[in-house]
Amino acid sequence: MTRTAFAACAAAAADRVVALTQALVAVPSPNPPGDTRACAEAAAALIRAAVPGVEVALHATSNLVTNVVARVRGHAPGRRLIFNGHLDTYPVNEALPWTVPPLGGLLCDGRLYGRGTADMKGGIAASILALALLAEHPALWRGEAVLTLAGDEESMGVLGTRWLMDNVPHAVGDAVIIGDAGSPRVLRFGEKGFLWIEVEAAGRASHGAHVHLGVNALDRLCAALDAVRGLRGLVPAAPPGVTAAIAAAKPVSEALAGAGEAEVLGSVTVNVGRVEGGTSTNLVPAGALAGIDIRLPVGVSCAMAEAALAAALDGREGITWQVLRRFEPNHTDPAHEIVGRTAAAAAEVLVGPCAVNMRVGGSDARWFRMAGLPTVVYGPTPHNMGGADEYVLVEELRQVAQVHALAALDFLAA
């Protein structure tokens with residue numbers, strides 16, 4: 001068989017991705033609570049049925065979280081490619097105005113509905129199909145193709161992808177493809193980092209008519225928040241290749257993700273997501289609290305941001321702050337082989353160019369990139385992700401499955 005024949009097989013088999021997605025969606029795996037045991041068992045059964053000669057193992061890492069690892073081999077030793085995905089989804093939330101069964105996998109007018117179709121059971125199904133196609137034609141490639149399915153991505157925990165990387169040798173490879181939500185027209189090679197911080201202000205209570213006797217904690221907090229917003233002025237020292245890729249992707253990427261995406265990808269953003277304080281309108285509050293999400297572009301490290309926070313907040317009377325969670329910005333060189341091969345496969349399947357860009361949100365890709373593994377994210381467009389009537393376009397599922405298969409083949413045959 002030739003590479004051209006393999007591409008034809010991938011196109012002909014692409015409809016199989018719908019049934020795989022429906023079967024995964026039918027097994028709930030909401031996070032919270034994060035119970036992926038049943039979904040992991042279902043995924044393992046689907047993989048065994050779809051992928052000839054596959055080696056499948058389940059890895060329980062808590063009383064709720066179970067992960068899956070599946071491996072197939074080519075005709076000779078060679079490189080190892082990892083497909084990765086996460087089994088957990090947003091909660092179904094029956095109180096939302098669903099017009100379709102949330103776990104029904106309803107297919108209607110080219111759309112596949114259900115919780116997790118977009119984030120990211122559709123992407124997992126695409127990778128399962130790619131793994132099956134590789135297993136059916138081992139003479140075309142060398143090495144290993146491995147699919148790792150994590151159970152705790154939505155909570156950004158360490159019991160899923162990170163645990164597998166630390167404990168399963170073949171869960172680490174030479175390159176990684178992740179089918180997380182995005183767009184078939186945009187290949188993502190990196191993502192912003194983040195600091196989640198909490199700022200607390202202390203004051204002195206008094207009656208609202210006697211403000212001279214009190215110290216308003218909310219006033220102190222507001223001033224501190226203004227200082228935190230000053231981090232938006234930090235200038236990133238990003239590699240020229242990253243800056244150029246963001247600029248080149250802008251016409252395609254912003255048409256999909258909204259005007260302003262390129263600016264957000266290249267700058268520090270500060271979102272005050274939670275504010276608490278005070279007990280009554282006519283009382284001076286003695287305490288106040290804010291939770292802040294700071295996103296960092298490539299070229300601004302967590303250490304740089306924390307130093308700027310210390311300069312802005314330390315020494316302010318009544319103000320204390322702490323970092324709740326941190327992750328560094330991470331990226332794969334846009335010139336890396338896996339980026340080029342996946343983008344080329346996408347252009348072939350789409351019969352048109354595929355933009356190469358950073359990703360605004362976080363994903364398990366960071367664990368691989370932090371370990372030095374070149375990683376790309378390529379998945380279907382999410383519609384109503386986390387809300388009622390979540391759906392994915394069937395044509396996009398077909399495209400993603402074909403791109404995963406072709407990119408993997410080209411990487412492992414090289």
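This is a chat about a helix crossing and an aromatic cluster in a predicted model.

Student: What kind of model is this, and how are residues numbered?
Tutor: The model is predicted, with local features needing pLDDT of at least 70, side-chain atom pairs counting only at pLDDT 80 or more, and totals for chains, interfaces and linings using all residues. Residues are numbered from 1 along each chain as its sequence is written, and side-chain values use heavy atoms, leaving out hydrogens and water.

Student: At what angle do helix 10 and helix 12 cross?
Tutor: Roughly 135 degrees, and the axes of helix 10 (residues 337–350) and helix 12 (residues 394–413) come within 8 Å. Helix 10 is therefore oblique to helix 12; angles under 35 degrees count as roughly parallel, over 145 as roughly antiparallel, 65 to 115 as roughly perpendicular and the rest as oblique.

Student: Which residues make the contact?
Tutor: Contact means heavy atoms within 4.5 Å. Among them are Ile338, Arg341 and Ala345 of helix 10 and Val403, Leu406 and Phe411 of helix 12. The contact residues divide into nine nonpolar, three polar and four charged.

Student: New topic. How many aromatic pairs are there?
Tutor: Four, where rings of Phe, Tyr and Trp (its six-membered ring) pair if their centres lie within 6.5 Å. In one of the pairs, the rings of Phe327 and Trp367 have centres 5.2 Å apart and planes at 90 degrees, so the pair is edge-to-face (planes over 60 degrees apart; under 30 is stacked, the rest tilted).

Student: Where do Phe327 and Trp367 lie?
Tutor: Phe327 lies in strand 14 (residues 319–327) and Trp367 in helix 11 (residues 365–370), so the pair ties together parts 40 residues apart in sequence.

Student: Is Trp367 buried or exposed?
Tutor: Trp367 is buried (under 20% relative accessible area; exposed is over 50%, partly exposed in between; 1.4 Å probe, protein chains only), at 6%. Phe327 is buried too, at 11%.

Definitions and conventions
Axes fitted to C-alpha atoms, helices over the stretch in contact; angles between N-to-C directions. Helix = DSSP H or I, 4+ residues; strand = E, 2+ residues; numbered from the N terminus. Nonpolar A, V, L, I, M, F, W, Y, C, P; charged D, E, K, R; others polar.
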